[in-house]
Amino acid sequence: MTSIFGIDGGSPDVRAAEHLLAEIIAALGANMVLFGCTHLVRTSEPHIALSVELREADAAEIIPAALRIARPGSGKGCAAEAARAHYHRSSGRAVRFPGQQRLTGVLPVREVLAKSAIDGILVLAAPAPDPSTLVDTRGFLRPLWQDGQLILHTVPAANGTLAPFELENPTPCCADHA
């Protein structure tokens, strides 16, 4: 059995949210956390909330008390919204997911799907990939919850391979001509 919790630490950006999530996973124990996701909060003060899906229902007791924590259905705050989205698998960017550690290097689509919780691979502006198409994981995968499935968004890359749409360290807009 699992429990899902939303956490709103007020992270101003994805990098800060991922850092907070890493601290939470370390505090809880890596074996306890199945999924850890980020959620964009669209309010007058945009920021990133988190959701975690834990192996044990009583794990909430060891999440830092300073964070606002909610379960799906526990209110209307940002933490509760993140928990609801995760529970319904309707949105959220998975930073931590089952099988993630097995997805290194270049793998065929069929292996990415077989070795992890990723349910599908979407190629932007292209048809669904053949199961033998290679995915260069680049050591950084952030699939998204969509319509109940965990979907990895990719783009065509060199030599007919696919690469994750999201880069770990993207070049800031206008960096080469600012």
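Strand S3 is mostly covered, with 8 of its 8 residues buried; here buried means under 20% relative accessible area, exposed over 50% and partly exposed in between, with a 1.4 Å probe and protein chains only. Strands (E, at least two residues) and helices (H or I, at least four) are DSSP runs, numbered from the N terminus. In a regular strand, side chains alternate between the two faces of the sheet. In S3 both faces are covered: His47, Ala49, Ser51 and Glu53 are buried on one side, and Ile48, Leu50, Val52 and Leu54 on the other.

A word on the basis of all this: the model is predicted, so local features need pLDDT of at least 70 and side-chain atom pairs count only at pLDDT 80 or more, while totals for chains, interfaces and linings use all residues. Residues are numbered from 1 along each chain as its sequence is written, and side-chain values use heavy atoms, with hydrogens and water left out.

S3 has partners. Two strands pair if DSSP finds at least two bridges between them. S3 (residues 47-54) runs antiparallel to S2, and 8 bridges join the two. These strands form a hairpin with 5 residues between them. Within it, Cys37 has Ser51 of S3 as its bridge partner, and Phe35 has Glu53. S3 is also joined by 6 bridges to strand S1 (residues 3-11), again in an antiparallel arrangement. There, Ser3 stands opposite Leu54.

S2 itself (residues 33-41) is mostly covered too, since 8 of its 9 residues count as buried. Apart from S3, S2 is joined by 3 bridges to strand S5 (residues 93-96), and these two run antiparallel. Thr38 stands opposite Arg93 in S5.

Now for the rings. The structure holds 1 aromatic pair, where rings of Phe, Tyr and Trp (its six-membered ring) pair if their centres lie within 6.5 Å, and planes under 30 degrees apart count as stacked, over 60 as edge-to-face and the rest as tilted. The rings of Phe35 and Trp145 have centres 5.2 Å apart and planes at 55 degrees, so the pair is tilted. Because Phe35 lies in strand S2 and Trp145 in strand S9, the pair ties together parts that are 110 residues apart in sequence. Phe35 counts as buried at 7% relative accessibility, and Trp145 counts as buried at 5%. Phe35 has another visitor: the charged end of Arg89 sits over its ring, 5.3 Å from the centre. For this, NZ of Lys or CZ of Arg must be within 6 Å of the ring centre and within 35 degrees of the ring normal. Arg89 comes just after helix H2 and takes a positive phi of about 55 degrees. In H2 (residues 78-87), the buried residues include Ala79, Ala80, Ala82, Ala83, Ala85 and His86.

What about the nonpolar interior? In soluble globular proteins, nonpolar side chains tend to be buried together. A nonpolar core is a set of buried Ala, Val, Leu, Ile, Met, Phe, Trp, Tyr and Cys residues joined through side-chain atoms within 4.5 Å. The largest has 18 residues, and those with the most contacts inside it are Phe97, Leu103, Val112, Ile118, Ile121 and Leu150. Two or more residues come from each of S2, helix H3 (109-115), strand S7 (120-123) and strand S10 (149-156). S2 gives the largest share, 3 residues. A second, separate core of 15 residues includes Phe5, Leu21, Ile24 and Met32.

Contact means heavy atoms within 4.5 Å. Leaving aside residues up to four places away in sequence, Val112 touches Leu103, Leu107, Ile118, Ile121 and Val135. On the same terms, Pro143 touches Gly92, Arg93, Ala94, Phe97, Ile118, Leu150, Ile151 and Leu152. Pro143 lies in the loop between strand S8 (134-136) and strand S9 (144-146), and counts as buried at 0% relative accessibility.

Finally, the whole chain. The protein chain has 3 helices and 11 strands, and follows the pattern β-α-β-β-β-α-β-β-α-β-β-β-β-β along the sequence. Of its 178 residues, 43% are buried. Among contacts with a separation of 6 or more, 66% are between residues 24 or more positions apart.
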